[in-house]
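Q: Hey, got a minute to walk through this model with me? I'd like to go through a few spots one at a time.

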Amino acid sequence: MNAPTTRRLTVAQALVEFLAHQYTERDGRRHRLISACWGIFGHGNVAGIGQALLESGDALPYLQGRNEQAMVHAAVGYARQCDRLSAQAVTTSIGPGATNLVTGAALATVNRLPVLLLPGDVFATRSADPVLQQLEVPSAGDVSVNDALRPVSRYFDRVTRPEALIPAALQAVRVLADPVDTGAVTLALPQDVQAEAYDWPEEFFADRVWRVARPAPDAGALAEAVHAIRGARRPLLIAGGGVHHSEAEEALRAFADATGIPVASTQAGKGSLRHDHPADVGGIGHTGTATADALAREADLVIGVGTRYTDFTTASSTLFAAPGVRFVNLNIAPFDAHKLGAASLVADARAGLEALTGALSGHRVAAAYEAGYRAAKEEWERRVDAAYGAADDSVRPSQTQVLGALDGIVDDTDVIINAAGSLPGDLHKLWRARSRRQYHLEYGYSCMGYEIPAAIGVRLAAPDRPVWALVGDGTYLMNPTEIVTAVQEGVNITVVLIQNHGYASIGGLSEATGGERFGTAYRFRAGDGTYTGAPLPVDLAANAASLGMDVLRAATVGELRAALVKARGANRPTCVYVETETADTVPGAPDAQAWWDVPVAETATRPAAVAAREAYDRHAAGRRRHL
């Protein structure tokens with residue numbers, strides 16, 4: 001009998017070779033599972049993974065970043081644009097490089113988006129103990145800073161022996177390719193083990209295809225859901241991110257066309273229907289439209305598709321107010337399908353919607369219900385026009401007028417990226433999504449600093465689509481460094497940098513909760529500890545230019561439109577800088593249409609906080625548990 005064929009490689013070389021041969025397949029289309037590896041090198045990965053990537057060449061392309069958290073954000077943006085069928089890896093050194101991954105890992109796992117993290121680790125042999133940057137824990141010798149990644153990873157392993165890589169690597173890619181379990185996957189790699197050689201079985205490096213199935217709903221559960229829908233007089237469907245991940249947009253459109261059931265969307269699900277589809281009623285929840293939220297309050301049946309029902313979606317459990325409201329949840333993850341006491345339909349979103357549409361043949365909501373929500377949708381669109389419009393092109397634009405100017409120049413191919421601040425609320429209420437992946441809001445973790453690196457990841461995944469990173473000054477100052485990466489790699493993104501001199505979103509929340517905007521403005525501090533009205537002399541446009549971007553400054557609505565048109569046609573990374581008008585006299589987005597639970601001090605001496613607590617108690621009285 002012939003001995004099994006082996007190949008002698010280091011652990012790092014074997015891992016890189018293994019990753020280069022992993023694929024996903026759905027609907028007969030194959031995708032590279034790990035398309036590239038981001039990395040910042042230090043001790044712990046420079047002589048292991050770094051050497052292996054250099055040796056691998058194009059087998060696993062290398063991408064250089066400037067900040068470890070930002071590299072994860074870029075990889076997450078890439079994975080989302082690829083419908084979770086392709087992902088990227090990120091490698092770091094053993095100390096602050098590894099701990100900088102935690103925020104990005106949490107973002108990926110919260111949003112159910114795959115990313116492979118490969119942090120270096122301390123010596124498995126303890127030959128250098130303590131090594132530079134090692135965290136010493138007197139009560140536990142097997143703990144390193146990488147253990148901080150355990151709670152934010154869907155799968156975690158520390159590879160302390162070469163032969164342990166085989167089961168660890170297989171488990172890692174299984175989780176990455178699983179639409180139910182996916183998120184951040186961490187393989188902590190001790191630096192001595194990375195460099196250790198081993199005789200690997202040749203079959204470890206064979207092409208391996210991970211099929212992403214479309215499980216159909218159980219017949220009994222489908223019948224229960226159909227019965228509930230047929231019996232509802234005021235049904236409402238909520239489209240979540242699972243609609244996009246499953247590429248179920250056409251199935252949703254067919255369902256809405258056949259049944260006339262209105263469709264609202266979460267932040268992750270916006271764009272599941274085009275904005276001009278008659279059944280699309282816009283965003284749902286705290287940042288939703290008046291149309292969608294009014295329907296939610298009166299709905300006797302809520303059909304959730306691919307949503308995990310965050311507090312923004314449910315208005316902190318106050319939105320679905322009809323006494324007998326019931327829920328049907330179509331979700332590939334049983335954990336989400338069972339929320340709110342729902343009749344659960346555990347299935348792929350596309351397969352489930354197709355099954356529902358077929359089983360509901362001939363069923364349609366009452367004509368009066370359909371006419372009512374369509375009229376309300378038309379009224380809301382007039383409010384959007386008012387928020388977007390400017391009577392005079394020579395005035396300084398408001399934030400919503402910035403969105404209106406952008407809305408006027410994009411087409412179906414553009415991608416709009418945002419994550420934090422006051423922009424997510426304005427976008428969820430106002431943005432007119434034209435295509436399935438145009439609206440890219442990271443609002444599961446709402447991480448400041450996500451937008452610019454994520455734009456790089458999206459552009460890498462979709463090099464022919466114009467990509468816009470919308471950032472406020474607060475978010476920009478959190479993480480501008482990947483501008484250098486975009487410039488170096490020639491990744492043509494456009495940053496729209498909105499200067500409003502502070503944390504506008506939290507400032508508004510602070511005011512609403514009795515905090516009087518304390519600590520939310522960028523202003524000079526006077527000698528008595530108070531803040532003056534003068535803005536800081538900080539030139540963020542000059543900063544972006546210093547990092548290599550072309551910068552277009554716009555002082556008026558007219559100049560902004562011209563700058564956006566020029567930026568969209570640019571062939572290199574470009575920033576459009578605009579200072580917005582914040583006076584109460586200019587048009588803005590409509591106020592929140594539903595509540596959000598942010599507890600207010602129960603006892604206070606300042607009148608603003610006392611009044612805010614009284615308002616809080618009134619809203620909180622409307623909370624309910626759906627069982």
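Q: At what angle do helix α18 and helix α20 pack, and how far apart are their axes?
A: First off, keep in mind that this is a predicted model. Helix α18 (residues 451-461) packs on helix α20 (residues 482-489) at an angle of about 25°, and their axes are 9 Å apart. That makes α18 roughly parallel to α20.

Q: Which residues in α18 and α20 meet?
A: From α18 you have Ile452, Pro453 and Ile456. They meet Glu482, Ile483, Thr485 and Ala486 in α20.

Q: And by class, what does the contact of α18 with α20 have?
A: Five nonpolar residues, one polar and one charged.

Q: Switching to α17: how many residues of that helix are buried?
A: Eight of the eight in α17 (residues 423-430), so the helix is largely enclosed by the rest of the structure.

Q: Which ones are they in α17?
A: The buried residues of α17 are Leu423, Pro424, Gly425, Asp426, Leu427, His428, Lys429 and Leu430.

Q: OK, new topic. Where is Gln22 found, and is Gln22 buried or exposed?
A: Gln22 sits in strand β2 (residues 22-26). Its relative accessibility is 0%, so Gln22 counts as buried.

Q: What does the side chain of Gln22 make a polar contact with?
A: With the side chain of Trp210, at 2.9 Å.

Q: Which residues does Gln22 touch, not counting those up to four places away in sequence?
A: On that count, Gln22 touches His31, Arg32, Leu33 and Ile34, along with Val173, Ala206, Arg208 and Trp210.

Q: Cysteines next. How many disulfides does a search of the whole structure find?
A: Zero. For reference, a disulfide is a covalent bond between the sulfur atoms of two cysteines.

Q: Why is there no bond for Cys447?
A: The closest cysteine sulfur to that of Cys447 is in Cys575, and at 20 Å it is too far for a bond. The cut-off for calling a disulfide is sulfur atoms within 2.5 Å. Going the other way, the closest cysteine sulfur to Cys575 is in Cys447, again 20 Å off and too far for a bond.

Q: Are those two buried or exposed, Cys447 and Cys575?
A: Cys447 counts as buried at 8% relative accessibility. Cys575 also counts as buried, at 0%.

Q: Let's do backbone. Which peptide bond is cis around Pro130, and where does Pro130 lie?
A: The bond from Asp129 to Pro130 is cis, with omega near 5°. Pro130 lies in the loop between β7 and β8.

Q: Ser139 caught my eye too. Where is Ser139 placed, and is Ser139 buried or exposed?
A: Ser139 is in the loop between β7 (115-121) and β8 (155-158). With 72% relative accessibility, Ser139 counts as exposed.

Q: How far apart are Ser139 and Pro607 in space?
A: They are 50 Å apart, C-alpha to C-alpha, and 468 residues apart in sequence.

Q: Last one: what is phi near for Asp27 and for Glu247?
A: Phi of Asp27 is near 55°, a positive value in a residue other than glycine. Glu247 likewise has phi near 55°, positive in a residue other than glycine.

Q: Where are they, Asp27 and Glu247?
A: Asp27 lies in the loop between β2 and β3 (29-32), and is partly exposed, with a relative accessible area of 40%. Glu247 is in the loop between α9 (241-245) and α10 (249-259), and counts as buried at 17% relative accessibility.

Note on methods
Residues are numbered from 1 along each chain as its sequence is written. This is a predicted model: local features need pLDDT of at least 70, side-chain atom pairs count only at pLDDT 80 or more; totals for chains, interfaces and linings use all residues. Side-chain values use heavy atoms; hydrogens and water are left out. Axes are lines fitted to C-alpha atoms, for helices over the stretch in contact, and angles run from 0 to 180 degrees between N-to-C directions. Helices (H or I, at least four residues) and strands (E, at least two) are DSSP runs, numbered from the N terminus. Angles under 35 degrees count as roughly parallel, over 145 as roughly antiparallel, 65 to 115 as roughly perpendicular and the rest as oblique. Contact means heavy atoms within 4.5 Å. Ala, Val, Leu, Ile, Met, Phe, Trp, Tyr, Cys and Pro count as nonpolar, Asp, Glu, Lys and Arg as charged, and the others, Gly among them, as polar. Buried means under 20% relative accessible area, exposed over 50%, partly exposed in between (1.4 Å probe, protein chains only). A polar contact is a pair of N or O atoms within 3.5 Å; within protein, one must be able to donate a hydrogen and the other to accept it, and residues adjacent in sequence count only if both atoms are side-chain atoms.
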